[in-house]
Amino acid sequence: MIFLAGFAPFQPSPGLALWSLIIFILFWLLMAKYAFKPMMDGLKKRESSISDALAQAQTAREEMANLKAENEKILAEAREERAKMIKEAKDTSTSIVNDAKNKAKDEAQRIMTSAKLEIENDRNSALTQVKNQVGMMATNIAEKILKKELAGGAEHTTYVNKLVDEINLN
Amino acid sequence: MRIFFFSLLLCLSANLALSQADAKSSHDKHDHSGHNHHDHTGHNHGHDHSGHNHDHTDHKSNSVKKGGESHSNHHANVYTSDCGSSAQPIHHEGYDPTATALHHINDANVWNIMDMVRIPLPAIIYNKTKGIELFSTSKFDAGHHDNGHYGFKDYVLYEGNIHRITCPEFKADEKFEVQGFDKVSLKDAEGKEYDKKYAIVNGKGYLIEQKTIWDGGLLGGGMTGFYDLSPTKNVVSMGLVSMLLFFLFRSAAKKYSGDPTAPSGIQSFVEPVFQFIRDDVAIPFLGDRHERFLPLLMAIFFFILGLNLWGQVPFLGNVNVTGSLTVTMVMALIVFVIVNINGNKDYWKHIFNMPGTPWFVKIILTPVELLGMFIKPLTLMLRLAGNITAGHIAILSFVGLIFIFGKAGTNMAGSLTGTALAIPLTMFMMAIELIVAFVQAFVFTILTASYLGAATEEHDDHH
């Protein structure tokens, strides 16, 4: 140590010691309170928020994967449902068409039957009328003939009546 | 690149100062021509006079030649008494690289910036009889070598530091003119060299003493008649750097309140260093206990780093705070106290009663461990102060090349050669010192962390 004799920077000075003690301790306390502690807390907060965010991202990714699987399942179900619905609709439409066809056939049958019946009736009535007309005309003709002839005889009138009755049988 | 400009500016300014010295020395020639003889008998003159050569180059050979013919009134003063023996001011125009370098790294009561601006600082003097005295060092009107042109009460300013005139018979006005200072090297009975310093007032020399130094007289100090409690250059630097760091960190720390965000601005400058100390210094040594000691470790690191870098700023007056043993001693003391306060049962057991060792080993081990307890902070103190002071001396020595080659301003060509040499050497040294500034702050912090870690560790007696 002797070679350092008179080497001023290495001489322990009480004034400098006192001041450096005061300044360093003040520096330490103030920095601890106003700078280092907030920085430590802030850094810790940031670190935990980053790890939280990473964990959240992980769960979100997992959730997304789950969601996707579910979606696919739902989609498949929907597809199946659709196919079913289309099939049902087809069946329904076929049955409707068949029903309609059958109904139309029945109706046509019914209309044809009633038409036939009417035609028969009309023919019968027309025939009756024609018969009556023909009878009257024949009577009239016969009357006239008979008038001419009857002047000749009663036997003729009887014969004619007999003839008319025979026609009626037809 | 910036370092290059700094050193270029440094050297240019050195040349500027040199040309001023040039003018001065040519002026002094009139006064000193002829009297180069110095009386070396009886005592040696404290200053190196190798540069004291205005009209010849080799002082010694000429002094022998001229010794007889130039016995004039200008010779080294002989002090028959410590108080009031007649003396004349001596002009030392020579360049003494050692003295210059040491003067520049020393603490001072005035802040000398490039020999152009001298900022006076407050002086707080404690004296047992007079109590506390408070005044400004502007009273001394510091000049060349930071010597005061005036004295105030009992006090004078010698090489930037307040000294006290010890003579009880010294009588002067409250403010008096000081003609100059003188230093005489003497040898005591054991052959140990010591200096006596004199202030010259009214043609008479009065012994002056420096402030009290707590070295027990080992380092050339000792108890004297007064304590200098002034906020010196080093103290003001500490205050300024502390405030600078505080505002820097405060503005960064504010950004951590509220929701976490990505770092921005000053925060991204401060945070990586902060995290480096936390993750690579505190946590490896202290583990889960790091949060308790982190503020101390951070304060140590940034305080030392800030002051190391502050001392590297050119033209600021070579502030040598972390190279001052007093400052590192205080920091080491704080570390010592904190380590031992927090030392747990295991820590003390490992010192006084190392588990798992036989009793005869303990007889040797316990004193060694006990010694180690004190050596640890002692090495912290010496390592930091030594490294920083050495760096300052190296830079000042390289800048000093300009003056050595230029023969203290008399040889312009030589000084230019010196400048050409000094620029790359200073640049190199400044780059090294920049690394040293970080490394030493880091080393102090990591060792503190390791001591704290060792003191608080929970052992399970694995020896």
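Biologist: Which residues in α10(B) do the residues of α6(B) meet?

Modeller: Quick heads-up: this is a predicted model, where local features need pLDDT of at least 70 and side-chain atom pairs count only at pLDDT 80 or more, while totals for chains, interfaces and linings use all residues. Residues are numbered from 1 along each chain as its sequence is written, and chains are lettered from A and ligands numbered from 1 in the order in which they are written. Helices and strands are DSSP runs (H or I, at least four residues; E, at least two), numbered from the N terminus, and residues are in contact if their C-beta atoms, placed from the backbone, lie within 7 Å. On that basis, residues of α6(B) including F293(B), L297(B) and I300(B) meet M430(B), E433(B), L434(B), A437(B), F438(B), Q440(B), A441(B), F444(B), T445(B), T448(B), A449(B) and L452(B).

Biologist: How many residues of that contact are nonpolar?

Modeller: Nonpolar covers Ala, Val, Leu, Ile, Met, Phe, Trp, Tyr, Cys and Pro; Asp, Glu, Lys and Arg are charged, and the others, Gly among them, polar. Set aside five polar residues and one charged, and the nonpolar ones number 15.

Biologist: Are α6(B) and α10(B) roughly parallel or antiparallel?

Modeller: Helix α6 (290-312) and helix α10 (412-456) of chain B pack at about 160°, with axes 9 Å apart. Those axes are lines fitted to C-alpha atoms over the stretch in contact, with angles from 0 to 180 degrees between N-to-C directions. Under 35 degrees is roughly parallel, over 145 roughly antiparallel, 65 to 115 roughly perpendicular and the rest oblique. The pair is therefore roughly antiparallel.

Biologist: Which strands sit at the edges of the open sheet in chain B?

Modeller: Strands pair if DSSP finds at least two bridges between them. This sheet has three strands in the order β6-β5-β14, paired antiparallel, and β5 (122-127) shares six bridges with β6(B). The strands that pair on one side only are β6 (131-136) and β14 (227-228).

Biologist: Which residue in the turn between β3(B) and β4(B) has a positive phi?

Modeller: Four bridges join the antiparallel strands β3 (110-113) and β4 (117-120) of chain B, with V110(B) partnered by P120(B). They form a hairpin with three residues between them, and the one with a positive phi, about 55°, is M114(B).

Biologist: Which element gives the largest share of the side of chain B that touches chain A?

Modeller: The contact takes 52 residues from chain B and 38 from chain A. On chain B's side, the elements giving two or more residues include α3 (97-105), α4 (233-253) and α7 (325-342). The largest share, nine residues, comes from α4(B).

Terms used
Contact = placed C-beta atoms within 7 Å.
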